[in-house]
Structure formats: structure tokens, C-alpha cells
Amino acid sequence: MIFYFSGTGNTQWAARQLAEATGEELLSIPDELRKGQLDYRLEGDERLGFCFPTHGWQPPRIVREFIRRSTFNVQRSTYCFALTTCGDNMGEAMTILNKELQRKGLHADALFSVIMPETYVCLPFMVTDTEEREHQKIDQARRQLEHIVQVIQNRQRGIAELEKGATPRLYSYVIGGYFNRRMITDRKFTVDADVCIRCGRCAKVCPVDNIEGTPPTWLHNGRCTSCLACYHYCPVHAINNGPITRQRGQYYFNRRGDQK
């Protein structure tokens, strides 16, 4: 089983590559939470994988909630791995993830970070990559995933291929701690009603069903993950997250014609 969460498609693409190569069942974390039946039994030589984007140098809140609410019935020999996608680095996100797994009696035998195109654009120093840089990152990720597949297929243990950055504890526990406490919210999303074409795409791509209506209304129900899917998928850039994103670009996987 491979569980994944994805907002703008980077992690979904990576998780699909792993599932197709290993034959493991691919399960969407938001879909599983909607079902509410969070009891999983792994049989025989099934592998257990978790794939998610790095949010503020930590695992997304929805991923941590899913692990806390779930029961994983595994074999002693069950092989467990985790992969995170990130724009440049992921700090101590995997250390935090492993603490969540340990509470469930699990431990990731192999950990990977895969650099993908930037998606978070709500801070002054964060912008989308150029189209050329997007393609460079995706091409490199394809090559890296071929290697990761080999590691997982061979069930190699004690692997930690992670891009933590220069000061990972500062990123994850100080900056990321503030980010995840204070900035994961839908309160700053707005829509330019005169620009909105009422296509409803933002509501369809929201992984936590936090948007309804056209023009869109955010429900302020505490479920928002700040993945920015609504912002990036809007075909006319009618959605913004504060004034800063009016000068920012948009990105989602496959926007540039990349394969899913």
C-alpha cells in the first residue's frame, strides 16, 4: 500500500511512478479520510509507503492526522518507506514523520526527498520556477525515481537520501513551526468575481472539500492545508492568497505538458 497526499500534482505523479513500478495499491489520503474506515492490514510481502509534499519544512497536517487516526496491521517483515517532494529542501520533515510512525509501532526503512517545481508563493522570497527550471527539476526527478524504485523493489533498509538544507532544525522547528501554526489557513483567499469564469475547477481540485459555489467561497472549517491547488489550477488567475500572489506565477503538474 502506498498512501499519498498531493495538492498541485507533484507528489501524485511521484507516488504513481512508485505504485506502477512496484505493483502496490495507491491510496489517496484525503479519500481515505472521507471514507473514515482507517484500518489497514498488510498481507505477505506488501510494502507500506507514505508520499507527501513538504509544507513549511514539515509533513502536512492532513498526513499527520491520517497516521494518528489509522491502524496499520503489519507483519514483522513489512518494508516501510516514505517520500517527500519539496521545492529546494525539506528540513527535518522526515524526522517529524518518523515520530508519528513510531507512535503506531512503525519505522520507515527508507526515506527520500525529491526536488520538484516550487508551488508555495505566499511569502516575499518564494516564487514559481521558470519554465526551464521546472523541466530541469522534473527531468532530474524522473531519473531519481528510477533509482528510488530500485531501492524499494530490493527492500533496502537504512536508506536516508534527503535534501535537508543548511539549517534543517531552524527550518522545521522555528520557521516551519510558526508557519504550520499560523499560516495554514483559508482566511486570506479571495476571488476576483469579475475575472472568475465560474468553471468550478477550484472546488473540484481542493483535496479537502473546503470550497463551494461559483464564484468560490472558502468554508473556514479548519480543513484547509494551504496547498494552493485552488490558486494554481485557476485558469484565469482569479484566485489569490493575499496581495502578494497577484504578482506570482502558477504551476501544477502537467501544466507544461509533462507526462502524468
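A visitor asks about the terms used for this predicted model, and a guide answers.

Visitor: What kind of model is this, and which features count?
Guide: This is a predicted model, where local features need pLDDT of at least 70, side-chain atom pairs count only at pLDDT 80 or more, and totals for chains, interfaces and linings use all residues. Residues are numbered from 1 along each chain as its sequence is written, and side-chain values use heavy atoms, with hydrogens and water left out.

Visitor: What makes β1 and β2 a pair?
Guide: Two strands pair if DSSP finds at least two bridges between them. Strand β1 (residues 2-4) and β2 have 3 bridges, in the parallel sense. So the definition is met. One bridge joins Tyr4 to Ser28 in β2. As for the names, strands (E, at least two residues) and helices (H or I, at least four) are DSSP runs, numbered from the N terminus.

Visitor: What is the strand order in the open sheet?
Guide: The order is β2-β1-β4-β6-β7-β8, 6 strands with parallel pairing.

Visitor: Why are β2 and β8 called edge strands?
Guide: β2 (26-28) and β8 (159-161) each pair on one side only. Neighbouring strands of this sheet are turned by 20° against each other on average, direction ignored.

Visitor: Why is β6 called largely enclosed?
Guide: Buried means under 20% relative accessible area; exposed is over 50%, and partly exposed lies in between (1.4 Å probe, protein chains only). In β6, 8 of the 8 residues are buried, so the rest of the structure largely encloses this strand. Tyr79, Phe81, Leu83 and Thr85 point one way. Cys80, Ala82, Thr84 and Cys86 point the other way.

Visitor: How do you know that β6 pairs with β4 and β7?
Guide: Count the bridges. There are 7 between β4 and β6, in the parallel sense. Another 6 join β6 to β7, also parallel. Cys51 stands opposite Leu83 in β6. Ala82 has Leu111 of β7 as its bridge partner.

Visitor: What makes the crossover from β6 to β7 right-handed?
Guide: With the strands pointing away from the viewer, a right-handed crossover has a path from the first strand over the helix to the second that runs clockwise. Here the chain goes from β6 through helix α4 (residues 93-102) to β7, and this β-α-β crossover is right-handed.

Visitor: How do you know that α4 is mostly covered?
Guide: Of its 10 residues, 7 are buried. Among them are Met94, Leu97 and Leu101. The buried residues of α4 pack against β4, α3 (61-69), β6, β7 and α6 (168-182).

Visitor: What is the handedness of the crossing of α1 and α5?
Guide: The crossing is right-handed. The near helix is turned clockwise from the far one in a right-handed crossing, and anticlockwise by less than a right angle in a left-handed one. The axes of helix α1 (residues 10-22) and α5 come within 10 Å and cross at roughly 40°. Axes are lines fitted to C-alpha atoms, for helices over the stretch in contact, and angles run from 0 to 180 degrees between N-to-C directions.

Visitor: Which residues of α1 meet α5?
Guide: Trp13, Ala14, Gln17, Leu18, Ala21 and Thr22. Their partners in α5 include Ile138, Leu145 and Ile152.

Visitor: Why is Ile175 called partly exposed?
Guide: Ile175 has 38% relative accessibility, so it falls between the buried and exposed limits. This residue lies in helix α6. Leaving aside neighbours within four places in sequence, Ile175 is in contact (heavy atoms within 4.5 Å) with Trp57 and Leu170.
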